[in-house]
Amino acid sequence: MNVSALLDKQSILIPLDISDKTDCIQAMVDALALSGCVTDKSAYFEAVMNREKTGSTGIGFGVAIPHGKSAGVSKPGLAFAKLAKQTDWDSLDGEPVSAVFMIAVPEAAAGNEHLQILIAISRKLIDEEFRDKLLAVQDSEELIGLLQTI
């Protein structure tokens, strides 16, 4: 899976200065709309927030992967935010989040594609060297180069 192909420079937010998880999710939904993946921001935002209610997408290691399946998504997309300050995400390890990937998938294609993207990113995040590089990215080119290793 070519994860970096799902990114658009408009959906890369480095740094993102937000006050909380909800603000982060809204900013990333807006970025995915700018990139053309999200056609109905409110429907997609609601899908992501409903997913958050079922359990935190803060997977640990300072990373969160919020995601949602929605008819408000026209094509699969990925957004990334490196947060200006660590933010509480109710993460599984209890630690705040510094980096966020957001996965957008059309409702009709939700099952397989959504899981493939989530698995590809999650597998790479197990690698401490990859995580360190991810948390140190300074711009979109650096991020895309790093994600091409997935």
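Among contacts in the protein (heavy atoms within 4.5 Å) between residues at least 6 apart in sequence, 70% join residues at least 24 apart. The model is predicted, so local features need pLDDT of at least 70 and side-chain atom pairs count only at pLDDT 80 or more, while totals for chains, interfaces and linings use all residues. Residues are numbered from 1 along each chain as its sequence is written, and side-chain values use heavy atoms, with hydrogens and water left out.

**Overall architecture**

The secondary structure comes to 5 helices and 6 strands; these are DSSP runs numbered from the N terminus, a helix being H or I with at least four residues and a strand E with at least two. From the N terminus on, the order of elements is β-α-α-β-β-β-β-β-α-α-α. The C-alpha atoms fill a box of roughly 35 × 30 × 25 Å along the principal axes. The radius of gyration is 14 Å, which agrees with the value near 15 Å for a compact globule with 150 residues; this radius is taken over C-alpha atoms, and the globule rule is 2.2 Å times the number of residues to the power 0.38. Of the 150 residues, 49% count as buried. Here buried means under 20% relative accessible area, exposed over 50%, and partly exposed in between, with a 1.4 Å probe and protein chains only.

The predictor's confidence in each residue is given as pLDDT, from 0 to 100. The mean pLDDT of the protein is 92, and 97% of its residues reach 70 or more. Among the elements, helix H3 (residues 110-125) has the lowest mean pLDDT, 79, and H1 has the highest, 98.

**Helix H1**

Helix H1 occupies residues 21-34; its 14 residues reach 20 Å from the first C-alpha to the last, close to the 20 Å expected at 1.5 Å a residue. The expected span is 1.5 Å times one less than the number of residues. The buried residues of H1 are Lys21, Cys24, Ile25, Met28, Val29, Ala31 and Leu32. Seen down the axis of H1, these buried residues fall within an arc of 160°, so they line one face of the helix; the arc is that of the directions from the helix axis to the C-beta atoms. Their cover includes strand S1 (7-16), helix H2 (41-54), strand S5 (77-87) and strand S6 (97-106).

Val29, in helix H1, counts as buried at 0% relative accessibility. Leaving aside neighbours within four places in sequence, Val29 is in contact with Val38, Lys41, Tyr44, Phe45 and Met102. The C-alpha atoms of Val29 and Ser11 are separated by 8.7 Å, and the two residues are 18 apart along the chain.

At the start of H1, a side-chain oxygen of Asp20 reaches to within 3.2 Å of the backbone nitrogen of Thr22. H1 is followed by Gly36, whose phi is positive, near 95°.

**Helix H4 and the N-terminal segment**

In helix H4 (residues 128-136), Phe130, Arg131 and Leu134 are buried. Seen down the axis of H4, its buried residues fall within an arc of 100°, so they line one face of the helix. On the other side of H4, Glu128 and Glu129 are exposed. At the start of H4, a side-chain oxygen of Asp127 reaches to within 3.0 Å of the backbone nitrogen of Glu129.

Ser4 lies in the segment before S1 and counts as buried at 8% relative accessibility. Not counting residues up to four places away in sequence, Ser4 touches Ile144, Leu147 and Gln148.

**Backbone geometry**

Most residues other than glycine have a negative phi, and most peptide bonds are trans. A cis peptide bond joins Ile14 and Pro15, with omega about -10°; Pro15 is found in strand S1. Two residues other than glycine with positive phi are set out below.

| Residue | Phi | Location | Relative accessibility |
|---|---|---|---|
| Phe61 | about 60° | loop between strand S2 (58-60) and strand S3 (63-64) | 44%, partly exposed |
| Asp90 | near 55° | loop between S5 and S6 | 53%, exposed |

Definitions and conventions
Polar contact = N/O pair within 3.5 Å; in protein donor to acceptor, adjacent residues only side chain to side chain.
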